[in-house]
Amino acid sequence: MRDITAGRHGSGAQLTIDLDAVRENYRRLRRQIDGSVRCAAVVKADAYGLGAVPVSAALHAEGCEDFFVAQLDEGLALRSALPDASIYVLNGVPRGAEHDCSSADLLPVLNSLEQAHDWAEHLRRLGEPHGAVIQIDSGMNRLGLSRREVAGWVEGADRLSVLKVRLVMSHLACADTPQHRANRGQLALFSEAARAFPGLPRSLASSSGIFLGPDFHFDLVRPGVALYGGNPVPSLPNPMRSVVRVFAPVIQVRDANPGDGVGYGWDHRLDRRSRIATVAIGYADGLHRALQGRGAVYADGIALPVLGRVSMDTITVDASAISSDWLTPGSWVEVIGEHQSIDQLAEAMQTSAYEVLTSLGHRYARDYAGAVDPLCSTFSRRVA
Ligand SMILES: *Cc1c(COP(=O)(O)O)cnc(C)c1O
């Protein structure tokens, strides 16, 4: 524990992102699918908070050619780092931004007939063909063409022929629960609806969907969270390697008496004499207030329970189990690592591993282990 001194100033928490582990996870997912199936990477929301540029560069070096972002701006930012890769924009193109999308050679996901007609109109004006993806809603009721819109597409096929559709996709609502009946139902609906677009490559599975078996793989799979170490099948042991480590420094240690209150609102009252360590990480760093009374950090494998409310910049933990000369200001405690996975922290925060990752925030001293291009880690540190 005490040998963790990597924090650049030692004043805040340290986030380490292991890009070798991301690459290893990509290889592990590839082993789940047939060699003829493409494995894309979902790097939306800045690669779930881990840094879209360094993460994508690492995956590109591993052979990944297809990258999904959610928003046009995310795609534009990624394009300069990945000049040749296919970059797909899941939310589609906002009206009026068509030109930015086509000039950066991004592939919009068309989620409605309206988006399809707007994009087709843009391409007609542009006078050159350009790729696109069709999304069909197969039961999630979030994004994609309804069954009626699929029929409308077929009827209006002439007007839409300018679109060079590269992929037909849909998204599963319950893939993390393998026995859920929605999975087979969505598979059947998607297969049926995709027949309206004969000969086009198809895609249905994200991380969890990959583990539902080959019926769900089609021509391209779209993992996100599993690349970043999240467990794609929560009811089974995690087959992925952990990617993220978070350590935070202790900044003060004190003894307090039975009956004393701890933290805002005196939400916690001590029932015995306790040693309290204040750790420099708080809700601004993604430790949700739900950790109060439920969460812990680890010192040398010993759990130090969170006492009282989580503050913006600090938490107070019960360090009574550790001798006073061992845990002192400047000691580092583990928040995410060997003793606490992102899934375990998510459970303590009553949320998902996705939200743990995307909540991490921008205050950490970030370190990228295994960065492909040293510029990437410099760049990401600067923006962090
Ligand atoms: C976010 C997202 C993914 C990736 O999902 P994971 O569960 O993180 O693997 C794939 N496809 C779509 C449409 C998404 O929105």
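A polar contact is a pair of N or O atoms within 3.5 Å; within protein, one atom must be able to donate a hydrogen and the other to accept it, and residues adjacent in sequence count only if both atoms are side-chain atoms. The structure is a predicted model, in which local features need pLDDT of at least 70 and side-chain atom pairs count only at pLDDT 80 or more, while totals for chains, interfaces and linings use all residues. Residues are numbered from 1 along each chain as its sequence is written, and side-chain values use heavy atoms, with hydrogens and water left out.

**Exercise 1. Describe the ligand surroundings.**

Step 1. List the residues near the ligand, that is, those with a heavy atom within 4 Å of it. There are 14 residues around the ligand, and the closest are Lys44, Tyr48, Ser207, Gly224 and Tyr354.

Step 2. Examine the polar contacts. A polar side-chain atom of Tyr48 lies 2.5 Å from an oxygen atom of the ligand. For Tyr354, the distance from an N or O atom in the side chain to a ligand oxygen is 2.6 Å. For Lys44, a polar side-chain atom is 2.7 Å from an oxygen atom of the ligand.

Step 3. Determine the coverage. On its own the ligand has 390 Å² of accessible area (Shrake-Rupley method, 1.4 Å probe), and the protein covers 93% of this area.

**Exercise 2. Trace the open sheet and one of its pairings.**

Step 1. Fix the terms. Strands are DSSP runs of E with at least two residues, numbered from the N terminus; two strands pair if DSSP finds at least two bridges between them.

Step 2. Write the order. Seven strands form an open sheet in the order 3-4-5-6-7-8-9, with parallel pairing. Strand 3 (41-42) and strand 9 (202-203) are the edge strands, each pairing on one side only.

Step 3. Inspect one pair. Six bridges join strand 7 (residues 130-135) to strand 8 (residues 163-169) in the parallel sense; Gly131 has Lys164 in strand 8 as its bridge partner.

**Exercise 3. Locate Leu163 in the nonpolar core.**

Step 1. Define the core: buried (under 20% relative accessible area, 1.4 Å probe, protein chains only) Ala, Val, Leu, Ile, Met, Phe, Trp, Tyr and Cys residues joined through side-chain atoms within 4.5 Å.

Step 2. Identify the hubs. In the largest core, of 115 residues, Trp153, Leu163 and Ile281 touch the most other members. A second, separate core of five residues includes Val262, Leu270, Ile276 and Leu307.

Step 3. List contacts (heavy atoms within 4.5 Å). Apart from neighbours within four places in sequence, Leu163 is in contact with Leu110, Ala116, Trp119, Ala120, Leu123, His130 and Trp153.

Key: Helix = DSSP H or I, 4+ residues; strand = E, 2+ residues; numbered from the N terminus. Buried < 20%, exposed > 50% of the residue type's maximum accessible area, 1.4 Å probe, protein only. Near = heavy atom within 4 Å.
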